[in-house]
Amino acid sequence: MSIVCFTLAAVAAPPASGPVDVNPTFTISEFKSGMPIHMVGYGDMRFTDPSVTIGTNPRVRKYLAEKIGEERPQILMLTGDMPYIGGNDADWAVFREETASWRANHTLQLPTIGNHEVRGDLGKGIANYLANFPGIEGHRYYSALMGSVEVISLDMTSPSGGTSPQATWFAAQLDHLPSQVEFLFILYHIPWVVDKQSQLFTNLPSKEALTLRHLLEIHLAKLHAKVIVFNGHIHNYERFERNGVEYVISGGGGAEPYPILFRGSADLYRDTGFPVYHYLTLDYHDRQLHAVMYKVSDPGASTLSVEVKDEFTLTAPAVPAGKGKQSKPFAHPRPR
């Protein structure tokens, strides 16, 4: 794949109605409707001094960051908790060092704020987050339109209930989703649907997450796109389907993994292997989204490698007769 430099371009058009901007915050003009897109998603790395081995695995963390560089995704969705301590400049320096290949490849990074982004000092953490992701131009929540795919990134540190600015903006974005969007990704650090184990031991989903999930669900009947909610926070991998929405938890980027005691029946990922350090590739093509979860086979091995442990394909909602093309099946992903 040739290297293409993608840029986020803020939409200059005024809001369609009222004070809330209903347009995508950014439009990536290099992507045209129907154009294939190679994406990667993961989170919860906790970049920090490589000598720190409590709370994060520096060897696996660096390996996965480099592995993603080798993937050369056009779009990289990050589910939060990139630094260990967001208020610490040194942790962000390690982030930049260990992810240098992402910028060398001109990968467009679309992040969301996690609790570790603001650890140590909320104000300093937010400032560091925005400085390290200059492409989002100071937006703590935003949307990015890329041809037939759109990403809405929400902020767990901003109010999300009632008539809060974020909730009002989110509702307006859902009400005015561009007609060409076939797949809508929603990024938010705290999971909106979790396994029974997480419900019991971590009291998740949070009140704010449930509020945003409800807001999404009351808009589902009007949405013409397939929705994927992409979360982190749980240092594991979980996947669910609820009311036609795919919920994926990807928090295996290097943070200390959570033990898996059991998986509930609603979790579509059934493997109980531990730990689940991983990332996902997400390929859009011809009205389909094909996802593959690559798990680190053995974190203690002398040479690290990944293996395919989950794989699923989603199809965009049907289009009126005569206006769409027949979807073609994806080939099995190339071996690692």
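1. Start with a contact at Thr-79. In this predicted model, a polar atom of the Thr-79 side chain lies 3.0 Å from the backbone oxygen of Ser-250. Thr-79 sits in the loop between β4 (75-78) and α2 (89-98). Its relative accessible area is 0%, so Thr-79 is buried, the cut-off being under 20%.

2. The surroundings of Thr-79 draw on distant parts of the sequence. Leaving out residues up to four places away in sequence, Thr-79 touches Tyr-42, Gly-43, Asp-44, Thr-112, His-189, Phe-230, Asn-231, Gly-232 and Ser-250. The chain as a whole can be described in similar terms. Of its contacts between residues at least 6 apart in sequence, 70% join residues at least 24 apart.

3. Overall make-up. The chain has seven helices and 14 strands. It holds 336 residues, and 57% of them are buried.

4. Helix α1 passes a length check. It covers residues 58-71, which makes 14 residues. At 1.5 Å a residue the span should be 20 Å, and the end C-alpha atoms are 20 Å apart, so the two values agree.

5. How is α1 bounded at its two ends? At the start, a side-chain oxygen of Asn-57 comes to within 3.2 Å of the backbone nitrogen of Arg-59. After the helix comes Arg-72, with a positive phi near 50°.

6. α1 is mostly covered, with 10 of its 14 residues buried. Charged side chains are on that list: Arg-61, Lys-67 and Glu-71 are among the buried residues. So are Val-60, Tyr-63, Leu-64 and Ile-68. An α-helix has 3.6 residues a turn, so residues three or four places apart point the same way.

7. Helix α7 (residues 207-217) also has a buried set: Ala-209, Leu-212, Arg-213, Leu-215, Leu-216 and Glu-217. Which elements do the buried residues of α7 pack against? They pack against α5 (165-175) and the strands β8 (183-187), β9, β10 (237-242) and β11 (245-250).

8. Cavities. There are two cavities of 30 Å³ or more. The second largest holds about 40 Å³ of space. Its lining consists of Ile-228, Phe-230, Val-248, Leu-280, Leu-282, Leu-289, Phe-312 and Leu-314. Strands β9 (226-231), β12 (278-285) and β14 (306-315) each give two or more residues to that lining. By class, the lining has eight nonpolar residues, no polar and no charged. Phe-230 appears here and also touches Thr-79.

9. Two cis peptide bonds deserve a look. Most residues other than glycine have a negative phi, and most peptide bonds are trans. The bond from Leu-204 to Pro-205 is cis, with omega near 0°. Pro-205 lies in the loop between α6 (196-202) and α7. The bond joining Phe-274 and Pro-275 is cis too, with omega about -5°. Pro-275 is placed in the loop between β11 and β12.

10. Positive phi values come next. Asn-203 has phi near 55°. Like Pro-205, Asn-203 belongs to the loop between α6 and α7. With a relative accessible area of 64%, over the 50% cut-off, Asn-203 is exposed.

11. Arg-287 also has a positive phi, about 70°, although it is not a glycine. This residue is in the loop between β12 and β13 (288-296). Is Arg-287 buried or exposed? Its relative accessible area is 11%, under the 20% cut-off, so Arg-287 is buried.

How values were computed:
Residues are numbered from 1 along each chain as its sequence is written. This is a predicted model: local features need pLDDT of at least 70, side-chain atom pairs count only at pLDDT 80 or more; totals for chains, interfaces and linings use all residues. Side-chain values use heavy atoms; hydrogens and water are left out. Helices (H or I, at least four residues) and strands (E, at least two) are DSSP runs, numbered from the N terminus. The expected span of a helix is 1.5 Å times one less than its number of residues. Buried means under 20% relative accessible area, exposed over 50%, partly exposed in between (1.4 Å probe, protein chains only). A polar contact is a pair of N or O atoms within 3.5 Å; within protein, one must be able to donate a hydrogen and the other to accept it, and residues adjacent in sequence count only if both atoms are side-chain atoms. On a 1 Å grid over the protein atoms alone, a cavity is a set of points where a 1.4 Å probe fits but cannot get out, and a pocket is an open set with protein on both sides within 12 Å along at least five of seven lines; lining residues have an atom within 4 Å of a point. Grid points are joined across faces, edges and corners, and a volume is the space filled by probe spheres set on the points. Contact means heavy atoms within 4.5 Å.
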